[in-house]
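Colleague: Please take me closely through one part of this model, beginning at a single side chain and then setting it among its surroundings. I would like the reasoning spelled out as you go.

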Amino acid sequence: MIVNAVFTTKVEPAYDDLPEVRYHFPKTYLNQVEAALDNWIVYYEPRRSTADLSSSGGRSAYFAVARVQSITQDAFQADHFYAHMVDYLEFSRPVPFNEGGHYYEAALRKADGSTNKGAFRRAVRNLRPHEFEAIFAAGFARIIGRDPLERSEPDRVPNSQPNFLLAADNPAPAFEHELPAVPARRIETKLVSRPFRDRAFASAVMTAYGDRCALTGLQIIDQGGRSEAEAAHVRSVAQDGPDSIRNGIAVSRTVHWMFDAGLLSIADDYTILIAKRIVPDILQDLPPLRAKLTVPARADLRPHPSYLRFHRENIFEG
């Protein structure tokens with residue numbers, strides 16, 4: 001039986017959460033998590049960014065999916081457990097729980113149209129299959145062709161090729177929340193498909209970085225709305241790296257090759273490192289690198305130290 005769920009996690013979790021890898025929860029929610037074992041869940045980020053009741057800054061939106069692979073008891077807190085997650089993938093756009101008066105979770109809406117705050121306070125909530133399917137369709141609308149990707153006006157780069165100087169002329173239309181659901185079998189097929197995951201990962205990373213190369217600061221978009229920059233994994237998929245924005249950076253194509261080859265890396269403070277003993281002098285200034293990585297404003301979207309450390313220790317030639 002397919003049982004989906006919503007897992008709530010804050011920008012700065014009070015629990016030992018790393019959504020790409022694990023979800024930490026009290027025994028209160030064990031039955032709901034066990035019901036979702038081996039199935040897909042949706043991550044939700046509340047308005048409060050921390051355990052402090054006065055905090056704010058959260059998106060109040062569903063932001064990613066993952067699959068519950070196993071559940072283990074916390075070795076240090078007998079009344080807490082870990083859900084071990086696989087196949088994590090972030091939406092190409094966060095999905096508000098209430099979009100234009102439409103609630104993706106029926107249990108969150110009272111008969112009078114207001115929000116059921118009692119239901120909302122539950123950090124883990126089981127979803128009906130059609131609710132999960134609708135959230136999937138809204139979150140990945142850009143990837144499944146239901147919502148064009150908006151791009152900002154790029155920088156005009158001196159001496160660049162002419163076809164890389166114009167942004168797309170046609171802005172995306174307003175998003176329509178009333179999308180038909182995607183059948184569960186098709187969802188499963190898409191979420192384990194490498195081409196689909198690559199497109200979703202690229203869309204999420206490029207949106208977070210505004211289509212701008214994080215190492216050079218250049219933002220070049222052609223007449224068709226295609227960015228010259230690409231989404232790069234810090235820890236590669238082949239080395240068990242997740243398809244997470246925190247395991248990604250936007251980079252120009254030359255920089256991407258240099259980063260994957262270990263000629264460049266990134267320190268924990270985002271200083272850009274160059275393997276000067278093996279990088280030819282001509283490449284040390286081509287492309288012109290910044291001293292530090294340009295990162296998203298939201299701290300939880302920036303490269304995670306564990307992935308940066310893996311790249312320095314296993315890929316970097318410096």
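**From one arginine outwards**

Modeller: Arg 194 is found in helix α5, which covers residues 194–208. Bear in mind throughout that this is a predicted model. With a relative accessibility of 30%, Arg 194 counts as partly exposed, because the partly exposed class lies between the limits of 20% and 50%. Leaving aside residues up to four places away in sequence, Arg 194 touches His 233, Val 237 and Asp 243. With Asp 243, there is also a polar contact between the two side chains, at 2.8 Å.

After α5 the chain enters the loop that leads to β9 (230–233), and Asp 211 sits in this loop. The last residue of that strand, by its numbering, is 233, and His 233 is among the residues that Arg 194 touches. Asp 211 itself is buried, since its relative accessibility is 6%, and its phi is near 60°, a positive value in a residue that is not glycine. Most residues other than glycine have a negative phi. Another aspartate, Asp 38, likewise has a positive phi, of about 75°, and lies in the loop between α1 (30–35) and β3 (40–45). Its surroundings differ in exposure: Asp 38 is partly exposed, at a relative accessible area of 48%, whereas Asp 211 is buried.

A second arginine makes a useful comparison. Arg 125 is in strand β8 (residues 124–127), and a relative accessible area of 8% places it among the buried residues, while Arg 194 is partly exposed. The side chain of Arg 125 has polar atoms that lie 2.8 Å from the backbone oxygen of Arg 122 and 3.4 Å from the backbone oxygen of Phe 120. In this case the partners are backbone oxygens, whereas Arg 194 is joined to the side chain of Asp 243. Outside its near sequence neighbours, Arg 125 touches Asn 4, Ala 5, Val 6, Thr 8, Tyr 44, Glu 105, Leu 108, Ala 119 and Phe 120.

Two of those contacts, Thr 8 and Phe 120, lead directly to the largest pocket, where they are listed with Pro 46, Arg 48 and Arg 121 as the lining residues that lie nearest the centre. That pocket has a volume of about 630 Å³ and is lined by 24 residues. By class, the lining is made up of 12 nonpolar, 8 charged and 4 polar residues. Both β2 (22–26) and α2 (117–120) supply at least two residues of the lining, and the largest share, 4 residues, comes from β2.

Strand β2 also brings us to His 80, which belongs to strand β5 (residues 80–96). Beyond four places in sequence, His 80 touches His 24, Phe 25 and Pro 26, along with Tyr 15, Lys 27, Gln 73 and Asp 74. Its relative accessibility is 11%, and His 80 therefore counts as buried. The side chain of His 80 also makes a polar contact of 2.9 Å with the side chain of Asp 79.

Two further helices show how burial can be distributed. In helix α3 (residues 129–139), 9 of the 11 residues are buried, so this helix is largely enclosed by the rest of the structure. The buried residues of α3 are Glu 131, Phe 132, Glu 133, Ala 134, Ile 135, Phe 136, Ala 137, Ala 138 and Gly 139. In helix α8 (residues 305–314), the buried residues are Tyr 307, Leu 308, Phe 310 and His 311. Viewed down the axis of α8, these buried residues fall within an arc of 155°, so they line one face of the helix. An α-helix has 3.6 residues a turn, so residues three or four places apart point the same way. The buried residues of α8 pack against α6 (253–260) and β11 (264–266).

To place all of this in the whole chain, the secondary structure comes to 8 helices and 12 strands, and buried residues make up 48% of the 318 residues. Among contacts with a separation of 6 or more, 69% are between residues 24 or more positions apart. The contact between Arg 194 and Asp 243, with which we began, is one that joins residues well separated in numbering.

Terms used. Residues numbered from 1 in each chain as written. Predicted model: local features only at pLDDT ≥ 70, side-chain atom pairs only at ≥ 80, totals over all residues. Heavy atoms only, no water. Buried < 20%, exposed > 50% of the residue type's maximum accessible area, 1.4 Å probe, protein only. Arc of directions from axis to C-beta. Contact = heavy atoms within 4.5 Å. 1 Å grid on protein atoms, 1.4 Å probe; cavity = no way out; pocket = protein on both sides within 12 Å on 5 of 7 lines; lining within 4 Å. Points joined across faces, edges and corners; volume = space filled by probe spheres on them. Nonpolar A, V, L, I, M, F, W, Y, C, P; charged D, E, K, R; others polar. Polar contact = N/O pair within 3.5 Å; in protein donor to acceptor, adjacent residues only side chain to side chain.
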